[in-house]
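Okay, thanks for coming, everyone. I have a few minutes and one structure to walk through, so let's put it up on the screen.

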Amino acid sequence: LFCLIGLRTKFFNSYIKNYNKSMEDFQNHPSIETVKEITGSDQASAIAKGGYKYVFKVEPTGQQPFVLKFVRAEDTFDNDAEPITYSEPVQRCLREIDLMKRCNSDYLPKLGPIEQSYISVKSSKFLYFSEELVGQLNLKQVLKTKQFNANELKKLMFDVASALEVYAPEG
């Protein structure tokens, strides 16, 4: 009986901890208002939330649409300046930004009009940057909704191989 009570208490405490973390995440993430403030555009919508990114579509009047990506920066900051150390998700995004700056390829998105920077949202800090809008669906949505024929699969494989060549030309 004590074992069951212990397991139940452990499960309940774990549930409460995860619930509180998800509520904190829900309240402390960039909103459409944050995006409008950064971009100056009234046309913004949330399009994806991944493992470590929040992605918004921005459609400024008279300009090309683009996406604005936010990544939680669980980094060590020195007096609110640039981080001293970078978390793994931020390191991945910085590599992605660096590759977009260095590579001119039809297979990679280009950087958008908003340069990388940091912003505080409630008690959390985020790295944000923009890139061109490529298509209307993300890869997960395409894979769920589209059935590829043989020619489309060949082209997709060729495009992936070409993009990999750009990312890692020596390997």
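Let me start with a question: leaving aside its neighbours within four places in sequence, which residues is Phe70 in contact with? Before I answer, keep in mind that this is a predicted model.

Right, so here's the list. Set those sequence neighbours aside, and Phe70 touches Pro30, Thr34, Val35 and Ile38, then Tyr52, Lys53, Tyr54 and Phe56, and then Ile119, Phe126, Leu127 and Tyr128.

Phe70 also turns up when you look at the largest nonpolar core. That core has 14 residues, and the ones that touch the most other members are Val35, Ile38, Leu68, Phe70, Ile119 and Tyr128. Where do they come from? The elements giving two or more residues to this core are α2, at 32-39, then β2 at 53-58, β3 at 66-72, β6 at 117-121 and β7 at 124-132. There's a second, separate core too, with 9 residues, and Val90, Ile97, Met100 and Leu127 are among them. Leu127, you'll remember, is one of the contacts of Phe70.

Let me zoom out for a second. The protein chain has 5 helices and 7 strands. Going along the sequence, the order is α-α-β-β-β-β-β-α-β-β-α-α. Of the 171 residues, 29% are buried. If you take contacts with a separation of 6 or more, 49% of them are between residues 24 or more positions apart. And for the surface people here: the accessible surface is about 12,300 Å², with 54% of that belonging to carbon and sulfur atoms.

Now, the strand I'd like you to look at is β2. How many of its 6 residues are buried? The count is 6 of 6, so to speak a full house. In a regular strand the side chains alternate between the two faces of the sheet. Here, Lys53, Val55 and Lys57 point one way, while Tyr54, Phe56 and Val58 point the other way, and all are buried.

What does β2 pair with? On one side of the story there's β1, residues 44-49, which runs antiparallel to β2 and is joined to it by 5 bridges. Those two form a hairpin with 3 residues between them. If you want a landmark there, find Lys49, which stands opposite Tyr54. Then there's β3, also antiparallel to β2, with 6 bridges joining the pair. The landmark for that one is Lys57, whose bridge partner in β3 is Val67.

Okay, over to helix α3. This is residues 88-102, so 15 residues, and from the first C-alpha to the last it reaches 21 Å, close to the 21 Å expected at 1.5 Å a residue. Its buried residues are Val90, Cys93, Glu96, Ile97, Leu99 and Met100. Three of those names, Val90, Ile97 and Met100, you've just heard as members of the second core.

But the one I want to stop on is Glu96. What does Glu96 form a salt bridge with? The partner is Lys53, and the closest N and O atoms are 3.0 Å apart. This pair links distant parts of the chain, with Glu96 in α3 and Lys53 in β2, 43 residues apart. And is Glu96 buried or exposed? Glu96 comes out at a relative accessible area of 18%, and because the cut-off for buried is under 20%, Glu96 counts as buried. Lys53 is buried as well, with a relative accessible area of 13%.

By the rule used here there are 6 salt bridges. Let me show you two that sit within α3. Arg92 and Glu88 meet at 3.6 Å, N to O. They're 4 residues apart in that helix, about one turn. Both are partly exposed: Arg92 has 33% relative accessibility, and Glu88 has 39%.

The other is Arg102 with Asp98, at 3.0 Å, N to O. Again they're 4 residues apart in α3, so about one helical turn separates them. Arg102 counts as exposed at 57% relative accessibility, whereas Asp98 is partly exposed at 36%. And to bring us back to the buried pair: salt bridges with shared partners join Lys53, Lys69, Glu96 and Glu131 into one network.

That's my tour. Happy to take questions.

Methods
Residues are numbered from 1 along each chain as its sequence is written. This is a predicted model: local features need pLDDT of at least 70, side-chain atom pairs count only at pLDDT 80 or more; totals for chains, interfaces and linings use all residues. Side-chain values use heavy atoms; hydrogens and water are left out. A nonpolar core is a set of buried Ala, Val, Leu, Ile, Met, Phe, Trp, Tyr and Cys residues joined through side-chain atoms within 4.5 Å. Buried means under 20% relative accessible area, exposed over 50%, partly exposed in between (1.4 Å probe, protein chains only). Contact means heavy atoms within 4.5 Å. Two strands pair if DSSP finds at least two bridges between them. Accessible areas come from the Shrake-Rupley method with a 1.4 Å probe; for residues, only the protein chains shown count as cover. The expected span of a helix is 1.5 Å times one less than its number of residues. A salt bridge is a side-chain nitrogen of Lys or Arg within 4 Å of a carboxyl oxygen of Asp or Glu.
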